[in-house]
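The following exercises concern a predicted model. Please work through each task before reading its solution.

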Amino acid sequence: MQFPGRRKKLIGSSQNDLYDHCLQFYGQPPLENISLTEFETFAVERLKLLKTVENLGVSCVKNSEQYTKKLDAEISRISEYEKRRKDHISHFILRLAYCQTEDLRRWFIQQEMDLFRYRFNDLHSKHKTDFLHKNNLKYETVSAEEKKSLQDKLIASSYGLSGTKVEEHDVYKVPFQDALDLVRTRKVYLLAGNAYIPHHEIVTIVLNDFRTRLSKALAMTARSLPAVQSDERLQPLLSHLSHAYVGQDYSIQKNIGKISLEQIDALSGKSFPLCMRHLHKALRENHHLRHGGRMQYGLFLKGIGLSLEQALQFWRSEFVKGKVDADKFDKAYAYSVRHMFGKEGKRTDYTPYSCMKVILSNPPSQGDYHGCPFRHSDPELLKQKLQNYKVSPSGTNQILELVKGMHYQLACQKYFELTHNVEDAGFSLNHPNQYFTESQKLLSGGRDIKKEVDMSQRSQENPASVTRPSQANSKQIFLDEIQELSDPS
Amino acid sequence: MPTSDYDPACLPDLLPLYYRRLFPFSQYYRWLSYGGVSKNYFQNREFSFTLKDDIYVRYQSFTTQNELEKEMQKMVPYKIDIGAVYSHRPSQHNAVKSGTFQALEKELVFDIDMTDYDDVRRCCSAADICSKCWTLMTIAIRILDRALREDFGFHHLLWVYSGRRGVHCWVCDDAARKLSVAARSAVAEYLSLIKGGEETVRKVVLSDPIHPFINHSLSVVERYFCQYAIVEQDILGSKESVDKVLALLPEDILSFPVVLGAQLTVISLSLTYFDKEIMLQYCYPRLDVNVSKGVNHLLKSPFSIHPKTGRISVPIDLKELNTFDPFEVPTISLICEELERPRADEAEDDDVKDKENEQEAGERRRIRDYKRTSLAKYVKVFDRFLEAMARSRKGEMLQKSDLQKDF
């Protein structure tokens, strides 16, 4: 990938110039060479950080004390220079992984913006101004005399501004084209083409700028992507990163055979997330599921502990009730069930789908029942379905609000809370099988079993995800990272 | 000045004369070239023509002033619209790879149409206007002109009478022409106070704190309100119209409108702003955001004719705004007639200047021509506008060269 730009010197004293501010707009890509290990570690660490930003953003009020404290705790204590270098490089690596689809871009931009906002707010006023100047943001501060003469007008234009605030804090002069949201709603004072932005609002302006730049950059990155993807060292990592469920992936089957087929109907109502309940119902009603549905549901069932024999029996009995006779099933569909269990051919990724994967890939079309109902169902239909499943009207509304804000996993979590009658789910939902496990745990009242199970998983290798035996070492580091993230609690 | 009766049926005869001898081509070209600072600015500008029998043609573009003249004289458009400056010559847009032909720049424009005030004017409706409701346009121009200059920092505004029932504003500053769609829409929203269509009764809602822009606008409205609304529109003159005013009051208020001195005041038992809201609802400019938003939006050209009224879209001199009378604006029939009238002091310089090339001679003839008609004073307004832009461009270039130490 060729990026235009000045070459920065990386020797000795210039170290200070390259990373002379703790915050940056990521305008210039890094130009040094790094090892594949660094490439992977940096990327995973940043992804971890962004995931933390995301989780904190939904569980705490953004920029509250609790939020900042928790986020502070995440930032490790290494040298400033190293921190900034890592920040720079890891951001650009993740750009490669997250530029490809609208959903990925939106997620990445949202978390990067939240991270940026947190870090900007953390700066001292002087550093804030330094940052603005270094990045050619023509945002001058207004002189004390001008502030005084405009005081009444400023107070009358900006929300939350008082006389003392105007006196004590900076007011920035910004070309109106850079403050369109405030101009459009007439929430700012305009004079001679400049918007007068009070201190507490300048971060909004800077963020807008940040978002615009990042959005453009991602579009450009997406265009250059084919060149990067042809590098076979990077392609698997990048694709894994963008679909990585950074957490437990339920690929190791536990509790095999502990579930009997007769229990499935009851379990679907009690412990299945909405997507799987939906798929199960469709299967029972139509005696058939298309490929997308078979994959999503089939792998889920494997994850909750169905054995291959059970699975074959389950699918066959259902399909035979429909238009498929036993022979046809054995010829066509049985193969794919065995495939799911790793008994046929060779597949790279046969782990049960995470929420991320269900939400972001393979949207359902007419006649499909897979996908995430919170993401893919029309809100009206979703509402009806929730009502049919006896969710209270107020609960339904809460869920619909979350859906409107595109917080699909939170909506599902809320569904969990409502159907299990608890205030707080006690976990951050990332995976349908996690939903099932947590539900079962809650219904049987035990926490200890789970811990045991996790310990045993940690020590195992994960055969399904190893793709390149020759890169075993670096891959191992990567996978270990992922394992470590499996239990946020 | 007597206005010749205009008959649309005469257009086929009058238009060719107008385009040959009266349309101010050189000033028009000077305007749209913007000093030649950007290459191909004029060449990449889209014009659209409505020809006889309502034939509409888009993506007209011209390489020189001469070509513009020749084409207009040949096609004799009934209506002329100006669009955006594109990435390529609009006339060749089909030859360009799809997706690469894009609108790049255009003046920021506003269109104030009297029909948008039908719910608050009693004297006329639809396409009709009269001297009583024309005050609305005066108010609109004063409010918007101030805001665009003082709040947004624009300098080069051309206000034009549309020819029938409204006015247009062309903001021609460099910065204005480069505005994005989002920026244009933000400016238009900032300037909008009237929200709601037919189903909304109360269209203006104010709350604390009152933004300085609203206060500025209110002081303009207050200057005109008594004369306009109380006297001319007589909004308190009948039960029906008083009811309309009262309908704008919040339901739980016990109050009644009275005229105290020069202001409409509402005596009430609570502290809200509905006296201001009422005045704004009756008088504040109503603009169509969609006209201002689009970079590629086509708007009626200054100096084009309005086929229904025959009037010329003339620039409005803001210094004479209070005395501007839309019914005094010359029609095409008037100026063509004025053209035919012989003038006693007509000099015979034609022979002397015969050696000069045809175009220049034609131009000077044209200049002499329009100066004999009522169009003259409006072309002067346009000239002053162009002069101001030229001075400002020169000032900028001097600034730039000073900075670069170029002497």
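The exercises treat the interface, the sheet of one chain, a strand of the other, and selected backbone features.

**Exercise 1. The interface**

Determine how many residues of chain A are in contact with chain B, how much area is buried, and which residues of chain A lose the most area.

Solution.

Step 1. Count the contacts: 17 residues of chain A touch 22 residues of chain B.

Step 2. Compute the area. About 1500 Å² is buried between chain A and chain B, and carbon and sulfur atoms give 64% of this area.

Step 3. Rank the contributors in chain A. A:Arg184, A:Arg186 and A:Leu190 lose the most area to chain B, and together they make up 44% of what that side buries.

Step 4. Search for specific polar interactions. The rule finds zero salt bridges across the interface of chain A and chain B. It does find eight residue pairs in polar contact there, with both residues at pLDDT 80 or more.

Step 5. Assign the side of chain A to secondary structure. At least two residues each come from helix 7 (144-157), helix 9 (180-184) and strand 3 (189-191) of chain A. Helix 7 of chain A supplies the largest share, four residues.

Step 6. Classify the residues on the side of chain A that touches chain B: 10 are nonpolar, four are polar and three are charged.

**Exercise 2. The sheet of chain A**

State the strand order of the open sheet in chain A and identify its edge strands.

Solution.

Step 1. Begin with the inventory: chain A has 24 helices and four strands.

Step 2. Establish the order. The open sheet of four strands in chain A reads 1-2-4-3, with antiparallel pairing.

Step 3. Find the edges. Strand 1 (140-141) and strand 3 of chain A each pair on one side only, as edge strands.

Step 4. Examine one pairing in detail. Two bridges link strand 1 of chain A to strand 2 (residues 171-175) of chain A in the antiparallel sense. A:Glu140 has A:Lys173, in strand 2 of chain A, as its bridge partner.

**Exercise 3. Strand 3 of chain B**

Establish how many residues of strand 3 of chain B are buried, and with which strands it pairs.

Solution.

Step 1. Evaluate the burial. In strand 3 (residues 79-86) of chain B, seven of the eight residues are buried, so the strand is mostly covered under the cut-off of 20% relative accessible area.

Step 2. Take the pairing with strand 1 (residues 45-51) of chain B: five bridges join it to strand 3 of chain B in the antiparallel sense. Here B:Arg45 has B:Val85 as its bridge partner.

Step 3. Take strand 4 (residues 103-105) of chain B, which pairs with strand 3 of chain B in the antiparallel sense over two bridges. B:Val85 stands opposite B:Glu105 of strand 4.

Step 4. Take strand 10 (residues 299-300) of chain B, joined to strand 3 of chain B by two bridges and running antiparallel to it. B:Asp81 stands opposite B:Lys300.

**Exercise 4. Backbone geometry in loops**

Locate A:Tyr26 and A:Lys390 and decide whether each is buried or exposed; then locate the cis peptide bond that involves B:Pro209.

Solution.

Step 1. Recall the background: most residues other than glycine have a negative phi, and most peptide bonds are trans.

Step 2. Consider A:Tyr26, whose phi is near 55 degrees, a positive value in a residue other than glycine. A:Tyr26 lies in the loop between helix 1 (15-18) and helix 2 (36-59) of chain A. Its relative accessible area is 4%, so A:Tyr26 is buried.

Step 3. Consider A:Lys390, which is not a glycine and has a positive phi of about 65 degrees. A:Lys390 occurs in the loop between helix 19 (379-388) and helix 20 (393-404) of chain A. With 74% relative accessibility, A:Lys390 is exposed.

Step 4. Consider the peptide bond. B:Asp208 and B:Pro209 are joined by a cis peptide bond with omega of about -15 degrees. B:Pro209 belongs to the loop between helix 6 (181-190) and helix 7 (212-232) of chain B.

**Exercise 5. The surroundings of A:Gly292**

Describe where A:Gly292 is placed and which residues it contacts beyond its neighbours within four places in sequence.

Solution.

Step 1. Place the residue: A:Gly292 is in helix 14 (residues 291-304) of chain A.

Step 2. Assess its accessibility. A:Gly292 is buried, with a relative accessible area of 12%.

Step 3. List the contacts. Leaving aside neighbours within four places in sequence, A:Gly292 is in contact with A:Asn362 and A:His370.

Step 4. Compare sequence and space. A:Gly292 and A:Asp368 are 76 residues apart in sequence, and their C-alpha atoms are 7.4 Å apart.

Step 5. Set this beside the whole chain. Among contacts in chain A with a separation of 6 or more, 70% are between residues 24 or more positions apart. Of the 489 residues of chain A, 49% count as buried.

Definitions and conventions. Residues are numbered from 1 along each chain as its sequence is written. Chains are lettered from A and ligands numbered from 1 in the order in which they are written. This is a predicted model: local features need pLDDT of at least 70, side-chain atom pairs count only at pLDDT 80 or more; totals for chains, interfaces and linings use all residues. Side-chain values use heavy atoms; hydrogens and water are left out. Contact means heavy atoms within 4.5 Å. Buried area is the accessible area (1.4 Å probe) that two parts lose on being put together, summed over both. A salt bridge is a side-chain nitrogen of Lys or Arg within 4 Å of a carboxyl oxygen of Asp or Glu. A polar contact is a pair of N or O atoms within 3.5 Å; within protein, one must be able to donate a hydrogen and the other to accept it, and residues adjacent in sequence count only if both atoms are side-chain atoms. Ala, Val, Leu, Ile, Met, Phe, Trp, Tyr, Cys and Pro count as nonpolar, Asp, Glu, Lys and Arg as charged, and the others, Gly among them, as polar. Two strands pair if DSSP finds at least two bridges between them. Buried means under 20% relative accessible area, exposed over 50%, partly exposed in between (1.4 Å probe, protein chains only).
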